Amino acid sequence: MKTTNKTTIGEIAADDFRTAAIFSKYSIDFCYKGHRTLKEACKKRGIEESLLIEELDRATNNSANQSFNYKSWSSDLLADYIEKTHHRYVAEKTPVLLKLLNELCTLHGETYPDLFEINTLFTESALDLSANMRKKEQILFPFIKKINEAHAKGLFLEIAHFGTLENQMLLIKEEHDTVGQRFKKIAALTKNYTAPADTCNTYKVTFAMLKEFERDLHKHIHLENNILFPKSVALEKA
């Protein structure tokens with residue numbers, strides 16, 4: 001992240017929306033007080049500037065490696081990766097987006113009433129994703145790891161209390177579809193996440209974060225529906 005002594009926090013957030021989560025974490029207003037420099041904002045909040053810059057650097061440099069051949073991974077490794085990468089992403093970004101969307105509804109809802117529906121759709125999706133991830137982390141992923149262990153050691157695998165893995169995965173795919181349909185509506189209502197030209201940094205950053213959230217969700221669901229689930233079902237049958 002390149003900055004100068006004159007770079008404002010509003011400019012930083014507008015340049016790379018991933019920094020918004022860090023500013024929100026430290027309650028730094030990058031919208032209505034976005035004219036302040038990092039030094040001024042840190043002094044106001046009692047934060048050490050060098051530490052904040054390090055955290056901003058980590059946020060902007062944390063790009064996913066697209067060269068991985070996920071199909072070659074074992075299903076237990078892939079389940080771990082999904083949980084530690086995509087589940088953590090959802091858990092980290094969801095409260096930030098909920099806060100930002102509520103602020104937009106309060107400040108701009110009268111002028112842009114679609115914000116209320118966008119907020120509702122995202123809130124519903126957040127609740128469903130939380131339940132979906134909890135189910136996978138507590139039930140499905142541990143069973144996938146048992147399947148891999150049994151296969152590797154030639155052990156007998158008892159039938160899970162929830163029945164076949166395939167049936168559970170069909171239910172999860174239905175949940176994926178429901179969230180996916182909501183995000184299609186969000187994309188349509190936001191004109192593909194395009195903020196009105198006359199709106200503030202918070203508006204633009206929120207829409208950019210929603211776009212990134214949907215992009216991560218697409219990869220998350222792709223890894224499960226198209227790689228992890230078929231691989232695990234085949235191993236269970238074997």
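**View 1. Lysine 191, out on the surface of a predicted model.** We start with lysine 191, which counts as exposed because its relative accessibility is 64%, and the cut-off for exposed is over 50%. The structure shown here is a predicted model. Lysine 191 sits in the loop between H7 and H8. Have a look at its backbone too: phi is near 55°, a positive value in a residue that isn't glycine. That is worth a close-up because most residues other than glycine have a negative phi.

**View 2. Serine 27, another loop residue with a positive phi.** Move to the loop between H2 and H3 and you'll find serine 27. Its phi is positive, at about 55°, although serine 27 is not a glycine. Is this residue buried, exposed or partly exposed? Serine 27 is partly exposed, since its relative accessible area is 44% and that class runs between 20% and 50%.

**View 3. The whole chain, for orientation.** Zooming out for a moment, the chain has eight helices and zero strands. Reading along the sequence, you get α-α-α-α-α-α-α-α. The C-alpha trace spans about 65 × 40 × 30 Å along its principal axes. Of the 238 residues, 46% count as buried. Take the contacts between residues at least 6 apart in sequence: 74% of them join residues at least 24 apart. The accessible surface comes to about 13200 Å², and carbon and sulfur atoms account for 52% of that. On the charge side, there are 33 positive and 33 negative side chains, with the centres of the two sets 3 Å apart.

**View 4. The largest nonpolar core.** This core holds 47 residues. Which of them have the most contacts inside it? They are Phe23, Leu52, Phe122, Phe207 and Leu210. The elements giving two or more residues to this core are helices H1 (9–15), H2 (19–25), H3 (38–45), H4 (49–61), H5 (75–108), H6 (114–153), H7 (165–189) and H8 (201–237). There is also a second, separate core of 20 residues, and Leu78, Tyr81, Leu140 and Leu235 are among its members.

**View 5. Phenylalanine 207 and its partners.** Here's one of the residues with the most contacts inside the largest core, Phe207. What does phenylalanine 207 touch once you leave aside its neighbours within four places in sequence? Its contacts are Leu104, Leu115, Ile118, Thr190, Tyr193, Thr194 and Ala195.

**View 6. Alanine 188, exposed on helix H7.** Alanine 188 lies in helix H7. With a relative accessible area of 56%, alanine 188 is exposed. Pick out isoleucine 118 in this view as well: the two residues are 70 apart along the chain, and their C-alpha atoms are separated by 9.9 Å.

**View 7. Lysine 93, a buried lysine on helix H5.** You'll find lysine 93 in helix H5. Is lysine 93 buried or exposed? Its relative accessibility is 8%, so lysine 93 counts as buried, given that buried means under 20%. Setting aside neighbours within four places in sequence, lysine 93 is in contact with Arg18, Ala21, Met209, Glu212 and Phe213. Follow the link to arginine 18: the pair is 75 residues apart in sequence, and 9.7 Å apart from C-alpha to C-alpha.

**View 8. Methionine 133, between sequence-distant residues.** Methionine 133 belongs to helix H6. This residue counts as buried because its relative accessibility is 8%. Beyond residues up to four places away in sequence, methionine 133 touches His87 and Val90. How far apart are the C-alpha atoms of methionine 133 and histidine 87? They are separated by 6.7 Å, with the two positions 46 residues apart along the chain counted as their spacing.

**View 9. Serine 232, a buried serine on helix H8.** Serine 232 is in helix H8. At 1% relative accessibility, it counts as buried. Which backbone oxygen does the side chain of serine 232 reach? That of leucine 228, at 2.8 Å. Leaving out residues up to four places away in sequence, serine 232 also touches Ser75, Ile144, Ile147, Leu165 and Met169.

Methods:
Residues are numbered from 1 along each chain as its sequence is written. This is a predicted model: local features need pLDDT of at least 70, side-chain atom pairs count only at pLDDT 80 or more; totals for chains, interfaces and linings use all residues. Side-chain values use heavy atoms; hydrogens and water are left out. A nonpolar core is a set of buried Ala, Val, Leu, Ile, Met, Phe, Trp, Tyr and Cys residues joined through side-chain atoms within 4.5 Å. Buried means under 20% relative accessible area, exposed over 50%, partly exposed in between (1.4 Å probe, protein chains only). Helices (H or I, at least four residues) and strands (E, at least two) are DSSP runs, numbered from the N terminus. Contact means heavy atoms within 4.5 Å. Accessible areas come from the Shrake-Rupley method with a 1.4 Å probe; for residues, only the protein chains shown count as cover. Lys and Arg count as positive and Asp and Glu as negative; His and the chain ends are not counted. The place of a charge is taken as NZ of Lys, CZ of Arg, CG of Asp or CD of Glu. A polar contact is a pair of N or O atoms within 3.5 Å; within protein, one must be able to donate a hydrogen and the other to accept it, and residues adjacent in sequence count only if both atoms are side-chain atoms.
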